[in-house]
Amino acid sequence: MHSDTTNSSTPLLRATGLSKSYKMGRGSLQVLQSLDFELQRAEVCAVMGSSGSGKSTLLQILGLMDSCDSGSIEFNAKEISKLSAKKSAMLRAEQLGFVFQQFHLIHELSALENVLLPRRVACGLSWFSKRQAEYHAARQLLHEVGLEERMTHRPSQLSGGEQQRVAIARALISSPPLILADEPTGNLDSETGGRILELLLKMARERSTSVLLATHDSAVAAMCDRTIHLSDGQIVD
Amino acid sequence: MSFFSLAVAYFRANLILPLGSLGIALGVGVLFTVISVFNGFTSELETSIRKVSGDLIVKTSLMNKTSEEDFRQLFTSFSDIVHAEPVLHWFGMIGRRGSRAVSAARSSDLSGVLLVGTDRDIPAASIEGVTAMIVGEILADKLGLKIGDVAEVVSQRPNSKHAQPVRHSFQLTATQSTGRFDQDIDRVLVNRTQLAQLIGLDSNFTDWKINLSNSADLMAVQHDLSMALRDITERSHVKTWRDVGGTLLRAAEDQKGTLAIVFGFIVLVAAYQLIATLLLLISDKRQDIGILGAIGASPASIRSFFLALSCVVTTFGVVFGLIIGMLLNANLHHVELLIGGGKPVFLPEVYKFDHIPVAVDWPQVSILIVFTYVITLLFSLIPAVRATRLPIVTALRQR
């Protein structure tokens with residue numbers, strides 16, 4: 001669970017000169033170009049842009065799931081873009097939460113077990129001494145997202161909206177200071193999507209958790225504190 | 001450790017994994033049974049050798065001048081010796097009375113036998129001037145002898161300048177079955193004193209069959225007895241039951257080793273197919289690997305997960321394998337008839353047991369279990385390492 005020892009005036013996340021390109025045959029596709037970006041603590045920021053504008057790539061790089069070609073990323077005033085695979089994994093487990101468009105739940109596990117998965121990964125061998133408390137926290141979160149009656153259900157037995165609620169609970173189980181949400185309503189109808197987004201933002205704000213949310217829906221962006229627009233790999237106003 | 005419950009969930013949800021366990025179970029089950037049967041076989045063989053030969057055999061010579069009483073006194077001074085029995089061994093040839101074998105002897109019509117002079121009870125002969133004998137059931141069958149029939153034995157007196165044949169009639173008054181083919185095909189048991197007189201021997205014993213207490217150290221007693229015998233005779237030496245029946249026992253043990261290697265390959269192949277199973281699973285579950293990476297599983301953790309999965313598959317395989325092995329052991333007779341098309345594979349007239357002997361040696365079973373785990377884990381390293389090389393973003397895109 002996160003502990004914040006840095007000055008609250010420093011941004012939670014700062015990206016400087018981020019560039020990323022993909023090889024495309026003989027040439028390359030520049031996705032991000034010298035991008036500078038800051039996210040404040042407890043801030044909810046929407047990243048808007050058309051398909052292929054680099055929204056998902058930006059979230060993946062900031063979430064240490066992908067590497068950048070150049071630039072730096074500071075998290076809690078610490079450089080994190082050059083961390084080893086092991087340290088990156090540790091940071092993802094303890095400081096970051098992810099919500100994906102495709103929900104990305106493990107189908108072999110129940111809703112409760114999916115929510116607990118990041119804690120199992122983060123705790124390692126200490127899991128056995130902490131499991132009671134972790135189970136309690138997971139049940140509490142599933143209760144908050146309205147799935148107290150569906151805890152033992154597998155993802156295939158849940159609707160899309162319910163699966164995304166499980167994913168939100170999973171993103172919050174480690175009480176991370178930052179949640180990266182990549183088009184969290186993209187796979188849901190507008191009514192369900194609206195409710196899911198309200199739930200995500202409500203729970204994040206209650207916990208003072210920052211959210212960086214990629215979307216191409218202006219209605220979604222309107223619910224956030226701030227919106228940045230990506231075009232040709234750069235932030236445009 | 002934290003990935004074991006996830007691995008169990010994967011095992012339950014993906015049929016390919018229980019099928020992998022089944023392959024391991026078959027290998028372990030068959031190997032367990034093969035080892036148990038051969039352990040049972042060697043154990044019965046050991047019991048049989050010790051029953052016939054005793055634990056130690058003191059071999060003396062006919063030139064030996066030491067009396068039977070002196071030997072007995074020496075043996076009683078050893079607290080580990082619980083029984084000592086003198087035996088007289090002599091060689092001869094046997095044929096049915098009236099058969100061409102004796103009237104016009106040809107080697108192919110006569111059976112070479114070991115005449116064993118013993119103190120055990122031998123039913124008396126019903127014909128005057130004929131000596132009672134007991135022969136092995138196989139020899140009786142071979143000669144066509146029934147209880148009450150008379151056979152002729154031809155032998156030779158010792159210490160004569162020219163060969164002096166001895167010929168005497170023996171009546172079959174009983175047969176015996178020791179469970180050993182070599183014992184039941186060429187042994188003729190006769191009263192020891194009568195045998196010595198018939199052959200014209202000065203001494204009525206050539207060997208001593210010694211039985212030791214269960215706690216006795218065989219080799220230590222052999223050594224001490226050899227030293228003590230030097231004080232009373234120069235013409236004796238002490239052998240253990242292993243020296244006497246060792247060749248047969250070693251052959252059985254070698255056979256066990258060979259079959260263990262052959263059937264060990266089944267386990268090896270089953271473990272090898274686990275590579276294919278896990279690689280298939282990785283290909284099918286790339287998105288899950290991406291999810292694990294995204295929520296913070298390090299490459300080492302992902303590797304651990306696949307090794308845990310391999311452990312779960314192996315554990316189910318080993319447990320089911322042991323159950324299969326125990327079921328096979330309990331129903332070996334039916335299995336034997338099934339394999340032999342209704343006839344026993346182990347011929348009763350050769351192996352002399354009314355059931356296939358089985359002895360489970362748990363230390364050997366432990367080695368089998370450890371061997372199975374080691375090779376499956378080694379083989380699982382390949383897919384486990386491959387899973388860690390999958391980039392998270394690429395894996396998440398997989399549908």
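In the predicted model, four residues of helix α9 of chain B, namely Leu274(B), Leu278(B), Leu281(B) and Ile282(B), meet Phe306(B), Leu309(B), Ser310(B), Val313(B) and Thr314(B) of helix α11 of chain B. By class, 7 residues in this contact are nonpolar and 2 are polar, while no charged residue takes part.

Two packed helices are described by the angle between their axes and the distance between the axes. Helix α9(B) spans residues 241-284 and helix α11(B) spans residues 299-330; the two pack at an angle of about 130 degrees, with their axes 12 Å apart. Because of this angle, α9(B) is oblique to α11(B). The crossing of α9(B) and α11(B) is right-handed.

Chain A contains an open sheet of 6 strands, arranged in the order β6-β7-β8-β3-β9-β10 with mixed pairing. The edges are formed by β6 (96-100) and β10 (234-236) of chain A; each has a single partner strand, so one side of each is left without a neighbour in the sheet. From one strand to the next, the twist averages 25 degrees.

At the β6(A) edge, the pairing with strand β7(A), residues 178-182, is in the parallel sense and extends over 5 bridges. Within this pair of strands, Val99(A) stands opposite Ala181(A) of β7(A). Helix α2(A), residues 85-95, lies across β6 and β7 of chain A and runs at about 80 degrees to β6(A). Helix α5(A), residues 160-172, also lies across β6 and β7 of chain A, and its angle to β6(A) is about 170 degrees.

Conventions: Residues numbered from 1 in each chain as written. Chains lettered and ligands numbered in written order. Predicted model: local features only at pLDDT ≥ 70, side-chain atom pairs only at ≥ 80, totals over all residues. Heavy atoms only, no water. Pairing = 2+ DSSP bridges. Axes fitted to C-alpha atoms, helices over the stretch in contact; angles between N-to-C directions. Contact = heavy atoms within 4.5 Å. Parallel < 35°, antiparallel > 145°, perpendicular 65-115°, else oblique. Left-handed = near helix turned anticlockwise from the far one by under 90°. Nonpolar A, V, L, I, M, F, W, Y, C, P; charged D, E, K, R; others polar.
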